[in-house]
Amino acid sequence: MGRVGVVLVSHSAQVADSVAALAASLAGVPDAPVTGAGGLPDGGLGTSAELVTEAAARVDDGAGVAVLVDLGSAVLTVKALLAEGDELPEPARLVDAPLVEGAVAAVVAAAGGADVEAVAAAAGEAYDYRKV
């Protein structure tokens, strides 16, 4: 079995892709199993179930997928995909974590071989990171 994949869902393709690149770089893992799923297929702002599904398939290595989201409809889109049951690789987990800090923690954990629950826990711990 491979590594857990990490999908970053944002209303903006640029945000999703940039956070994915940042997380891989900061984690020191150039081939990290992380990708963005941002915006709409036409390049506009929004979230797309199709793009999320495609992104999850790209990073699926047999160990599952952790999905981090920015806000609003991104959360609803991923919840709908999970409810359908066959749209995302198993196991798939919607992670309650801040997008940027959580992405870095998730990528580090995934690159280290953690399972999807441990990846989600590592990302969720990012809420505890204080900046002041």
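**Exercise 1. How many of the residues in strand β1 (residues 5-10) are buried?**

Solution. Keep in mind that this is a predicted model. Step one: take buried to mean under 20% relative accessible area. Step two: go along β1 with that cut-off, and you get 6 of its 6 residues buried, so the strand is mostly covered.

Step three: split the strand into its two sides. In a regular strand, side chains alternate between the two faces of the sheet. On one side of β1 you find Gly5, Val7 and Val9, on the other Val6, Leu8 and Ser10, and both faces are covered.

**Exercise 2. Which strands pair with β1, and in what sense do they run?**

Solution. Start with strand β3 (residues 65-69): it runs parallel to β1, and 5 bridges join the two. To pin this down on the model, look at Gly5, whose bridge partner in β3 is Val65.

Now turn to strand β2 (residues 34-38), which also pairs with β1 in the parallel sense, over 5 bridges. Here you can check Ser10, which has Gly38 as its bridge partner in β2. Last step: trace the chain from β1 through helix α1 (residues 13-27) to β2, and you've followed a right-handed β-α-β crossover.

**Exercise 3. Where is Val104, and which residues is Val104 in contact with, leaving aside its neighbours within four places in sequence?**

Solution. First, find the element: Val104 sits in helix α4 (residues 99-111). Next, skip those sequence neighbours, and the contacts of Val104 are Ala23 and Leu26. Finally, try a distance: Val119 is 15 residues from Val104 in sequence, and their C-alpha atoms are 10 Å apart in space.

Note on methods. Residues numbered from 1 in each chain as written. Predicted model: local features only at pLDDT ≥ 70, side-chain atom pairs only at ≥ 80, totals over all residues. Heavy atoms only, no water. Buried < 20%, exposed > 50% of the residue type's maximum accessible area, 1.4 Å probe, protein only. Pairing = 2+ DSSP bridges. Right-handed = clockwise from strand over helix to strand, strands pointing away. Contact = heavy atoms within 4.5 Å.
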